[in-house]
Structure formats: structure tokens, C-alpha cells
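Please look at the model below and follow how two of its helices pack together, and then what surrounds an enclosed space inside it.

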Amino acid sequence: MARAMFDYTKTVLKKVSFDVNLFTKEVKKAIKRLLPHEVEELKIWIHSLTAKQPELQKCLIYLKL
């Protein structure tokens with residue numbers, strides 16, 4: 001079940017990546033919802049996504065990268 005939440009979170013983040021504010025809001029929600037090891041995995045995934053879409057780097061402050 002937990003893995004399903006992680007996959008769902010990634011799907012939502014991909015869909016809202018067109019809007020920086022919406023993406024940031026969803027990242028904040030994900031941090032509250034996911035397990036600690038999933039948050040670490042999400043950090044890696046978001047870091048690779050922000051390499052492709054630099055405008056999303058605003059959310060990195062919430063991930064403490």
C-alpha cells in the first residue's frame with residue numbers, strides 16, 4: 001500500500017509540474033504523507049526532474065537537499 005502512495009505521488013507531481021506553485025504545494029503534501037525512506041527516494045526523483053525543469057527548483061527548499 002505504501003508503495004502505491006509513492007507511485008501516486010510521483011504521478012500527481014508529473015501532472016502538476018507545469019505550475020511551480022502547484023508543484024510546490026504537492027511536494028509539501030507528499031512530505032507529510034510518505035514514509036521517511038520514501039521521502040528520500042522522492043528527493044532523488046525530484047532532483048532529477050528539476051535538472052530537466054529548472055523552474056521547479058523552488059520546491060527544493062522543502063526537501064532540504
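In this predicted model, the residues Phe-23, Val-27, Ala-30 and Ile-31 of helix H2 are in contact with Val-39, Leu-42, Ile-46 and Leu-49 of helix H3. Sorted by class, this contact between H2 and H3 comprises eight nonpolar residues, with no polar and no charged ones.

Two packed helices are described by the angle between their axes and the distance between the axes. Here H2 covers residues 20-33 and H3 covers residues 36-52, and their axes come within 11 Å of each other while crossing at roughly 160°. Angles over 145 degrees count as roughly antiparallel, and H2 and H3 are therefore roughly antiparallel to each other. The crossing in which H2 passes H3 is left-handed.

Turning to the enclosed space, how many cavities of 30 Å³ or more does the structure hold? There is one cavity of that kind, and the volume of the largest cavity is about 30 Å³. Its lining is made up of Thr-9, Val-12, Leu-13, Glu-26, Ala-30 and Arg-33, with helix H1, which spans residues 2-15, and helix H2 each supplying at least two of the lining residues. The table sorts the residues of this lining by class.

| Class of lining residue | Number of residues |
|---|---|
| Nonpolar | three residues |
| Polar | one residue |
| Charged | two residues |

Ala-30 of H2 thus appears in both parts of this account, since this residue is among those that meet H3 and also lines the largest cavity.

How values were computed. Residues are numbered from 1 along each chain as its sequence is written. This is a predicted model: local features need pLDDT of at least 70, side-chain atom pairs count only at pLDDT 80 or more; totals for chains, interfaces and linings use all residues. Side-chain values use heavy atoms; hydrogens and water are left out. Axes are lines fitted to C-alpha atoms, for helices over the stretch in contact, and angles run from 0 to 180 degrees between N-to-C directions. Helices (H or I, at least four residues) and strands (E, at least two) are DSSP runs, numbered from the N terminus. Angles under 35 degrees count as roughly parallel, over 145 as roughly antiparallel, 65 to 115 as roughly perpendicular and the rest as oblique. A crossing is left-handed if the near helix is turned anticlockwise from the far one by less than a right angle, and right-handed if clockwise. Contact means heavy atoms within 4.5 Å. Ala, Val, Leu, Ile, Met, Phe, Trp, Tyr, Cys and Pro count as nonpolar, Asp, Glu, Lys and Arg as charged, and the others, Gly among them, as polar. On a 1 Å grid over the protein atoms alone, a cavity is a set of points where a 1.4 Å probe fits but cannot get out, and a pocket is an open set with protein on both sides within 12 Å along at least five of seven lines; lining residues have an atom within 4 Å of a point. Grid points are joined across faces, edges and corners, and a volume is the space filled by probe spheres set on the points.
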